[in-house]
Amino acid sequence: MSAAPVRSPTLRPHRMKKEESFLGKLGGTLARKKKAKEVSDLQEEGKNAINAPMNPSTVDIHPEDTLLEENEERTMIDPNSKEDPKFKELIKVLIDWINDVLVEERIIVKQLEEDLYDGQVLQKLLEKLADRKLNVAEVTQSEIGQKQKLQTVLEAVHDLLRPHGWTIKWNVDSIHGKNLISILHLLVALAMHFRAPIRLPEHVSVQVVVVRKREGLLQTTHVSEELTTTTEMMMGRFERDAFDTLFDHAPDKLSVVKKSLITFVNKHLNKLNLEFADGVYLVLLMGLLEDYFVPLHNFYLTPESFDQKVHNVSFAFELMQDGGLKKPKARPEDVVNLDLKSTLRVLYNLFTKYKNVE
């Protein structure tokens with residue numbers, strides 16, 4: 001009887017080693033997948049936390065917006081607010097204004113967040129508006145260089161605005177971080193301070209989503225952010241006058257005031273047989289009231305553009321100050337835009353001084 005074959009003692013250990021190696025690889029793969037899933041789940045948790053209060057709308061967010069440190073927060077505009085016509089109008093008016101100011105620089109702004117965050121356009125805008133040169137590098141590619149430029153530009157802006165009571169609602173990090181709310185606050189302040197020849201929509205507010213991380217969990221809240229109030233409030237004209245009282249408490253008497261002022265204006269303009277025209281009537285009226293001829297090359301007799309009309313009204317304001325009147329409280333842009341209260345203020349100032357002039 002032949003002996004049974006003896007199994008090699010090395011076979012089982014070798015097989016176990018292969019199994020262990022396979023399981024080790026499998027375990028490593030599963031661990032990597034688990035880690036990747038945890039990251040994915042964390043990002044998904046962040047997105048859900050942000051999107052949940054606003055379904056069915058979605059918020060455009062970057063992955064880093066969901067990976068917050070403890071007590072860190074991110075802010076973003078509710079997508080419903082982005083579709084508000086007044087919000088869209090505010091952005092369009094500001095973009096058009098910037099492009100008009102920088103037309104000679106051949107700079108074209110298309111999107112505020114992407115075009116203003118690095119400080120280059122803001123530098124050119126401030127230099128043009130303030131008629132001064134800033135000591136900054138012309139081109140900066142690095143993040144540090146961009147923030148240094150922004151710091152210099154914003155310090156110059158703050159030096160201009162703070163003495164006039166403006167509340168600073170932006171900083172280097174928020175502008176460089178492409179925070180649209182901060183950028184809009186900055187541009188509105190600049191437009192008002194430099195009396196931009198534009199009409200900003202009034203009472204523009206947006207809903208802002210604030211995402212915070214507390215005890216490892218993401219929490220969201222919604223707050224209302226006011227971007228514009230009234231033109232007068234933004235211009236810092238908080239003192240009230242008779243016309244504020246008239247509009248607020250005695251609107252029934254408004255027609256009487258309008259009739260008196262129209263009679264006064266027509267009394268003098270009828271001497272020239274001229275009808276109302278934006279800006280023109282004020283220039284001619286000042287000439288009549290002060291008894292001098294206004295050279296036609298000083299203003300546009302038939303204005304065709306908004307800027308030409310603003311020029312006419314601004315020139316009329318200069319004539320009023322030359323005649324001893326205080327600088328009008330109204331802005332030329334408001335008169336051109338047919339703002340009733342502003343127009344009445346201007347005419348009433350003329351009326352009080354020249355009502356007895358024949």
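Two strands are taken to pair here if DSSP finds at least two bridges between them. With that in hand, here are some notes on this predicted model.

1. A quick overview to begin. The protein chain holds 15 helices and three strands. Of its 358 residues, 41% are buried. Among contacts with a separation of 6 or more, 62% come from residues 24 or more positions apart.

2. Now the sheet. The three strands form an open sheet in the order β1-β2-β3, and the pairing is antiparallel. β1 (73–77) and β3 (217–226) are the edge strands, each pairing on one side only. On average, neighbouring strands of this sheet are turned by 25° against each other, direction ignored. Helix α8 packs on the sheet and touches β1, β2 and β3, and its direction makes about 20° with that of β3.

3. How many bridges join β1 to β2? There are five, and the two strands run antiparallel. If you would like a residue pair to look for, I77 has V208 in β2 as its bridge partner.

4. Strand β2 (residues 205–214) is joined to β3 by 10 bridges, and these strands also run antiparallel. Two pairs help to set the register by eye: V206 stands opposite E225 in β3, and R214 stands opposite L217 in β3. The connection is a hairpin with two residues between β2 and β3, and E215 in the turn has a positive phi of about 50°.

5. On to the helices, starting with α5. Helix α3 (residues 85–101) packs with helix α5 (residues 120–130) at an angle of about 65°, and their axes are 10 Å apart. This angle makes α3 roughly perpendicular to α5; the label applies because the range for roughly perpendicular is 65 to 115 degrees. I would mention that the value of about 65° sits at the lower end of that range. The crossing of α3 past α5 is left-handed.

6. Which residues make the contact of α3 with α5? From α3 come W97, I98 and V101, and they meet V121, L125, K128 and L129 in α5. By type, this contact has six nonpolar residues, no polar ones and one charged.

7. The burial of α5 is worth a look as well. V121, L122, Q123, K124, L125, L126 and E127 are buried in this helix. Their cover includes α3, α4, α6, α7 (172–176) and α8 (180–193). Thus α8 appears twice in these notes: it packs on the sheet, and it is among the helices covering the buried residues of α5.

8. Just past that helix, α5 is followed by D131, whose phi is positive, near 55°. D131 lies in the loop between α5 and α6 (143–161). Is D131 buried or exposed? Its relative accessibility is 70%, so D131 counts as exposed, the cut-off for exposed being over 50%.

9. R106 is another residue to check on a backbone plot. Its phi is near 55°, a positive value in a residue other than glycine. R106 is placed in the loop between α3 and α4 (112–116). With a relative accessible area of 79%, R106 is exposed.

10. Helix α12 (residues 280–290) is mostly covered, with nine of its 11 residues buried. The buried ones are V280, Y281, L282, V283, L284, L285, M286, G287 and L289. After α12 comes D291, and the phi of D291 is positive, near 65°. In this respect the end of α12 can be viewed alongside the end of α5, where D131 follows with a positive phi.

11. Finally, the partner of α12. Helix α13 (residues 306–322) packs with α12 at an angle of about 25°, and the axes are 8 Å apart. That makes α12 roughly parallel to α13, because angles under 35 degrees count as roughly parallel. α12 passes α13 in a left-handed crossing. On the α12 side the contact uses V280, L282, V283 and M286, which meet N312, V313, F315, A316, F317, L319 and M320 in α13. These contact residues divide into 10 nonpolar, one polar and no charged.

Conventions
Residues numbered from 1 in each chain as written. Predicted model: local features only at pLDDT ≥ 70, side-chain atom pairs only at ≥ 80, totals over all residues. Heavy atoms only, no water. Axes fitted to C-alpha atoms, helices over the stretch in contact; angles between N-to-C directions. Helix = DSSP H or I, 4+ residues; strand = E, 2+ residues; numbered from the N terminus. Parallel < 35°, antiparallel > 145°, perpendicular 65-115°, else oblique. Left-handed = near helix turned anticlockwise from the far one by under 90°. Contact = heavy atoms within 4.5 Å. Nonpolar A, V, L, I, M, F, W, Y, C, P; charged D, E, K, R; others polar. Buried < 20%, exposed > 50% of the residue type's maximum accessible area, 1.4 Å probe, protein only.
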